[in-house]
Amino acid sequence: MSVIAVLGLGTMGQGIAVSAAGAGHQVRLLDQPSRQADCVDAVRLRFDRHSTGQPADLRPAADLADAVGPADLVIEAVPESPELKRALFSELHGLVAPDAVIMTNTSSLPLDELVSAVEFPGRFLAAHFFHPAELIPGVEIARTPATDQESVDVALAFLRTLAKEPVEVLPQAGFVANRLQIALFLEALACVAEGVAAPAEIDTIVRTTFGLRLPAYGPFAIADMAGLDVYQSILATLHSQHGERFAPPAELTALLEAGRTGLKSGAGFHTYSAERSTALAAERDDLYRRILAATA
Ligand SMILES: NC(=O)c1ccc[n+]([C@@H]2O[C@H](COP(=O)([O-])OP(=O)(O)OC[C@H]3O[C@@H](n4cnc5c(N)ncnc54)[C@H](O)[C@@H]3O)[C@@H](O)[C@H]2O)c1
């Protein structure tokens, strides 16, 4: 088991600490002095709500040196301000073991804005958890050109001990998940602005239609199931009504020209054997039934 220092015990740091403690790691906790006691209480409360009754090795730290000195991994979860994060990384100089891995939980800051403040850039990467971090399995990992492979391997191995499903992406602003979430949000706002539907109605539509699919499938698997030719036709109509942002993309046209219409042709963005196609339909309906039952 590793020693993990969590710096910043707000919404995210608390969940990350609970997740790490639940996996049996020693977790050293640090927030600002005025908030430390309340934040540590909040972590303990969340651990008790979440855990299976196993004791947690949660250690409130006296100061930054005490938090990070023995740490194998340092997880930074202070507010989303480049100045604040850079100042904290500078304070870590001389306190952290040279082979400790430092992970930032930034949601959107480009990593090149942060890495220059880090003492050992080879040991630095992003691990973008989602709220509540003790429950949500996905974590986006992003490295800088300076990050060494061993640090990525250490981070991935650590996240797997937390039963997370890490996926590595490029270190671009917003990574993948926030770009997708925000794109949906902006289109929902455009529908409201055009008077198509009110926010409450749009929430209902998302929850009761394609939102139901999202716990099981991503956009490419869903497009394959719908049929890429169907998507192309929808895009053509949307393009004529709503403008350039709906222009059918070249990637989609190329797949269709290659006969890849999705599940029905055995290939789209993914490929499907005949057995897999048959099994998938049954699997999908069963998943939707279970999701419907769980959310009823
Ligand atoms: N809230 C979310 O849903 C979410 C999701 C994913 C990623 N993130 C990212 O995680 C990071 C933290 O977000 P949050 O929502 O938990 O913020 P938050 O404001 O809830 O918590 C931040 C905590 O950091 C503490 N802090 C500030 N300076 C500190 C310092 N020098 N040392 C130790 N602690 C310090 C604050 O007192 C506060 O308790 C941000 O980068 C954010 O973008 C947030």
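What follows is a walk through the fold, the cores, a few salt bridges and some individual residues of this chain.

The model is a predicted one. Its chain runs to 296 residues, and 41% of them are buried. There are 12 helices and 8 strands to keep track of. Laid along its principal axes, the C-alpha trace covers about 60 × 45 × 40 Å. Plenty of the contacts reach across the sequence: taking contacts between residues at least 6 apart, 63% join residues at least 24 apart.

Two annotated stretches come from the UniProt record, which is an unreviewed entry in both cases. Residues 4–169 carry the annotation "domain: 3-hydroxyacyl-CoA dehydrogenase NAD binding". That span is 37% helix and 21% strand, and the C-alpha atoms at its two ends sit 23 Å apart. Residues 174–272 are listed as "domain: 3-hydroxyacyl-CoA dehydrogenase C-terminal". Here the make-up is 59% helix and 0% strand, with 31 Å between the end C-alpha atoms.

Turning to the interior, the largest nonpolar core brings together 33 residues, and V27, L29, M103, F129 and F158 have the most contacts inside it. Helix α1 (residues 11–22) supplies the largest share of this core, 6 residues. Another core, of 27 residues, lies apart from it, with A61, A67, V68 and A126 among its members. L29, one of the well-connected residues of the largest core, has a varied set of partners. Beyond its sequence neighbours up to four places away, L29 touches V6, L9, A17, V40, V43, L58, P60 and A61, and also Q36 and R59.

Helix α6 (residues 149–161) also deserves a look. Its 13 residues stretch 19 Å from first C-alpha to last, close to the 18 Å expected at 1.5 Å a residue. On the buried side are S151, V152, A155, L156, F158 and L159. Viewed down the helix axis, these buried residues stay within an arc of 165°, so they line one face of α6. That kind of spacing fits a general rule: an α-helix has 3.6 residues a turn, so residues three or four places apart point the same way. The face of α6 turned away from the buried side holds the exposed residues E150 and R160. F158 ties this helix to the interior, being buried in α6 and listed with the residues that have the most contacts inside the largest core. Just past the end of α6, A163 adopts a positive phi of about 60°.

As for charged pairs, the structure contains 14 salt bridges. One of them joins the side chains of E76 and K85, with N and O 2.5 Å apart. Both E76 and K85 are buried. Another pairs the side chains of R143 and E168, again at 2.5 Å from N to O. This pair connects distant parts of the chain, since R143 belongs to strand β7 (residues 138–143) and E168 to strand β8 (residues 165–168), 25 residues apart. R143 is partly exposed, at 23% relative accessible area, and E168 is also partly exposed, at 36%. A further salt bridge runs between R276 and E283, whose closest N and O atoms are 3.1 Å apart. R276 counts as partly exposed at 33% relative accessibility, and E283 does too at 36%. Salt bridges with shared partners also tie E76, E80 and K85 into one network.

Two more residues are worth zooming in on. R46 has its place in helix α2 (residues 33–50). With a relative accessibility of 9%, R46 counts as buried. Setting aside neighbours within four places in sequence, R46 makes contact with T11, Q14, G15 and V18, and with H131, P132, A133 and E134. T11 is 35 residues away from R46 in sequence, while their C-alpha atoms are 11 Å apart in space.

H128 sits in strand β6 (residues 124–128). At 3% relative accessibility, H128 counts as buried. Leaving out residues up to four places away in sequence, its contacts are N105, T106, S107, G138, V139, E140, F175 and N178. Two of these partners, F175 and N178, fall in the stretch that UniProt lists as the C-terminal domain, residues 174–272, whereas H128 itself lies within residues 4–169, the stretch annotated for NAD binding.

Definitions and conventions: Residues numbered from 1 in each chain as written. Predicted model: local features only at pLDDT ≥ 70, side-chain atom pairs only at ≥ 80, totals over all residues. Heavy atoms only, no water. UniProt positions renumbered as here; feature names shortened; annotations may be inferred. Helix = DSSP H or I, 4+ residues; strand = E, 2+ residues; numbered from the N terminus. Core = buried A, V, L, I, M, F, W, Y, C linked by side-chain atoms within 4.5 Å. Buried < 20%, exposed > 50% of the residue type's maximum accessible area, 1.4 Å probe, protein only. Contact = heavy atoms within 4.5 Å. Salt bridge = Lys/Arg side-chain N within 4 Å of Asp/Glu carboxyl O. Expected span 1.5 Å × (residues − 1). Arc of directions from axis to C-beta.
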